[in-house]
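Grab your viewer and let's work through a few side-chain exercises. Try each one yourself before reading the solution.

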Amino acid sequence: MGDLRFSGHESFQCRNLWLKKGFDFIKQGPGDFSSEEAVLSLGVGKNMTTSIRFWMDAFGIREKNEPSTLAEKLLGARGWDPYLEDLGSLWLLHYLLVSRSKASIYHLVFNRFRKRRIEFTKDHLITFLISYCEEKGESHSPNTIASDVGVFLKTYVKPNSKIEKGNIEDLFSSLFIELSLVKEFQNIEKVKDKEKWYIIESSERESLPLEIFFYSILDNIEKGNYSDSISLHKLLSADHSPGNVFALHPDALISKVERLVQRYSGLSYKEDGGVRELQIQQSFNKNAVLDEYYARS
């Protein structure tokens, strides 16, 4: 079994209420997703039940068949946002999905593929993923990868209700379409091309809360990816950096760092010898930062 994973979701993108449903199911115990009880309790078919389990693991909602600490804080009965009504919760979950790397395509798109091209077709992404697997010496079915790309696009791209086929309610229930991270666009140079084109362009991300941005930095420090002095370059382009994960424009990144320094004592932003750094001079608890956000919002 290779380190990269492109299956497990049964070709279903994560729906808005699935994480809450899955969380409640494992809270009531024993949380066996392969049982008939799971099908009845979750109110979906067996394949969707398997998909819910996959997404819970991919987001880190489930750990050894128990809710994670963050899941309890977010989705519990008195949690921050049990029904994911706050856009900040979606930004948080997007960060968790990319940075945990349990579903490989999300890590690879935001940390690798975007550095090669921000405008692409489905075939471009499939070709990149197949090539990447070959470089890593792993064998994955092209059909499996193509299915994973389809799920990725349904997860992020807002459907056009006038032309999309299928259940419109189902299409619009995808978890991340409100983030506007991946957009369909018309490539003027390829106007006769029947393939759909997509773009993940760097942006201001005004809807990204400052606390979620800060959480991503603190999480990287906790994992040993950053020291207490973090260069702007790392914040912009290192693996799982806020610049990569949130597709931030460099000016937007600087603006958010400056706002962090203004809000939190114990932070400073300095330029020394042409190197710009965020310096963290005291300890911060990443979950306490989220507590602050949800208390305020």
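**Exercise 1.** Not counting residues up to four places away in sequence, which residues does R296 touch?

Solution. Keep in mind that this is a predicted model. Start by finding R296 in helix 14, which spans residues 286–296. Leave out the sequence neighbours up to four places away, and R296 touches E211 and R263. Next, look at the side chains: R296 and E211 are joined by a polar contact of 2.3 Å. Finally, check the surface: R296 has 51% relative accessibility, so it counts as exposed, given that exposed means over 50%.

**Exercise 2.** Find where D239 and R112 sit in the chain, and work out what joins their side chains.

Solution. Their side chains meet in a salt bridge, 2.6 Å from N to O. This pair links distant parts of the chain, 127 residues apart. D239 lies in the loop between helix 11 (232–237) and helix 12 (242–245), while R112 belongs to helix 6 (residues 104–116). Now for accessibility: D239 comes out at 29%, so it's partly exposed, and R112 at 28% is partly exposed too.

**Exercise 3.** Is D219 buried or exposed, and which residue networks with it through shared salt-bridge partners?

Solution. With 3% relative accessibility, D219 counts as buried, because the cut-off for buried is under 20%. D219 forms a salt bridge with K223, with the closest N and O atoms 3.0 Å apart. K223 itself is partly exposed at 43%. Follow the shared partners and you get one network of D219, E222, K223 and K286.

Terms used. Residues are numbered from 1 along each chain as its sequence is written. This is a predicted model: local features need pLDDT of at least 70, side-chain atom pairs count only at pLDDT 80 or more; totals for chains, interfaces and linings use all residues. Side-chain values use heavy atoms; hydrogens and water are left out. Helices (H or I, at least four residues) and strands (E, at least two) are DSSP runs, numbered from the N terminus. Buried means under 20% relative accessible area, exposed over 50%, partly exposed in between (1.4 Å probe, protein chains only). Contact means heavy atoms within 4.5 Å. A polar contact is a pair of N or O atoms within 3.5 Å; within protein, one must be able to donate a hydrogen and the other to accept it, and residues adjacent in sequence count only if both atoms are side-chain atoms. A salt bridge is a side-chain nitrogen of Lys or Arg within 4 Å of a carboxyl oxygen of Asp or Glu.
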